[in-house]
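Visitor: Could you take me slowly through one small stretch of this protein, and then show me what is packed around that stretch?

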Amino acid sequence: MINYIEKKEVTVVDATMGMGKTSWAIQMINNSPLTHKFIVVTPYLEEIERIIKATEHKRNFIEPDIRNSKGTKFYSLKQLLEKGSDIVTTHALFKEADKEILDLLTLHHYILIMDEVADVIEKLNITKDDIEHSLMPKLIEVDANGKVIWKVKDYDGEFKSLKLMVETEKVFLHNGTAFIWEFPIEVFKKFRKVYILTYMFKAQIQRYFFDIHGLEYNMKSIEVVEPSTTGYTKEYKLVDYRKPDDVTRFKNLIHICEDEKLNDIGESTSTQGYDNLTFSKLTKLKKSSPIIKTIKNNLYTFFRHRCKATSQQVMWACPKDVRKNINPQGYLKGFIPSNKRATNEFMDRNVCAYILNKFMNPSIVGFFESYDVTVDQDLYALSELVQWLFRSAIRNDEPIELYIPSNRMRTLLKMWLDGQL
């Protein structure tokens, strides 16, 4: 089998949201010979429709469906790969890639376009007690490299889903306390070319995943050429990567709440920037906790009294497991997960609150460090925050009001707006 990645044709198109990354990809697809076959992977269903409609005059992109003998989208994906169809699908389906998919990818020399980074590393929801008592002695063994091997062939118990993941040979035991799943790096090696469309790639988990596997990539930026010479309203081209110089334009659009009383909950004396708003601390608090009550009251004050916002105007984020505890009355439907990406569904929201001091999961950080790869926690936190903010009206260059009580997160955002990060 051919490993195309050895030709170093992995390109990261890194530009701020709204700069035309997807438009460039559509233009590139439409200008390519029909002998070139594409797989476009996107996080959300609305983007699938956009790709299909924008290319229908040149190509016939097909989304995998359940209308087949197996009744699954995964089987449909394999059928489409065998036929050499142009395919558009979600990250969730692409994530299921197995050994058969690896073989099928090389049949027609596919080109991969990945809209936003994928969840290539995950900590599995298995407790330390399960690992030490329930699983370790009976069901699994761990080789010298930390890879988990399933021992019981005909197992059909409560850990069946774990068994299926372990059988992909991509689950590792880290530090004896956490199961880490990683996407098969071999998948990226089976494409003729790979394009990843994102922003702040060097701060993201997929970058560190590439680093631990020694996968090289080229960074590119987007440039708009006007007037178009190809019949498009705008023409986009890739240029040598340069740090975006357009972020400071958002400084006058993002109005950060500076109220000391509202922000006091996010102050910290820790030099590492830890406060009461980290995931680990928030998820341990009960609804009756004074901290939870303060956050809830602050949110309501900011939305209702400071901004006089309706429920249709707001978007707010916190750890998903505590959203009902801190839900400000009348605004529950404004909850937008902090990892929401690549959707225009909320671009009319102009009152935002980010109740989280973001850090990468410690087990995943430790996993990378075991390969001598160092994680920049601040850049990671900033990239997650910026991606979330760009679900809002700022995507349309419209002003937003922002409550961000964590002093660390607020400082990072200000540094980004000043062009320092």
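Guide: Let us begin with strand S8 (residues 171–174; strands are DSSP runs of E with at least two residues, helices are runs of H or I with at least four, and both are numbered from the N terminus), which is covered on both of its faces. Val-171 and Leu-173 lie on one side, Phe-172 and His-174 lie on the other, and all of these are buried, where buried means under 20% relative accessible area. In a regular strand, side chains point alternately to the two faces of the sheet. This is a predicted model, in which local features need pLDDT of at least 70 and side-chain atom pairs count only at pLDDT 80 or more, while totals for chains, interfaces and linings use all residues. Residues are numbered from 1 along each chain as its sequence is written, and side-chain values use heavy atoms, with hydrogens and water left out.

The partner of S8 is strand S9 (residues 178–182), and the two pair in the antiparallel sense over 4 bridges, pairing being counted when DSSP finds at least two bridges between two strands. One of the links joins His-174 to Ala-178, its bridge partner in S9. Together S8 and S9 make a hairpin with 3 residues between them, and in that turn Asn-175 has a positive phi of about 60°.

Now follow the packing outwards to helix H14 (residues 362–369), which is mostly covered, since 6 of its 8 residues are buried. Those buried residues are Ser-363, Ile-364, Val-365, Gly-366, Phe-367 and Phe-368. They pack against both S8 and S9, and also against strand S5 (121–123), helix H9 (205–212) and helix H15 (377–389). At the start of H14, Asn-361 has a side-chain oxygen that comes to within 2.8 Å of the backbone nitrogen of Ser-363.

A buried residue need not be a nonpolar one, as a last stop shows: Arg-410, in helix H16 (residues 407–417), is buried, with a relative accessible area of 6%. Its side chain reaches the backbone oxygen of Pro-405 at 2.9 Å. Beyond the neighbours within four places in sequence, Arg-410 is in contact (heavy atoms within 4.5 Å) with Ile-256, Cys-257, Glu-258, Asn-263, Glu-267, Ile-404 and Pro-405.

Definitions and conventions. Buried < 20%, exposed > 50% of the residue type's maximum accessible area, 1.4 Å probe, protein only. Polar contact = N/O pair within 3.5 Å; in protein donor to acceptor, adjacent residues only side chain to side chain.
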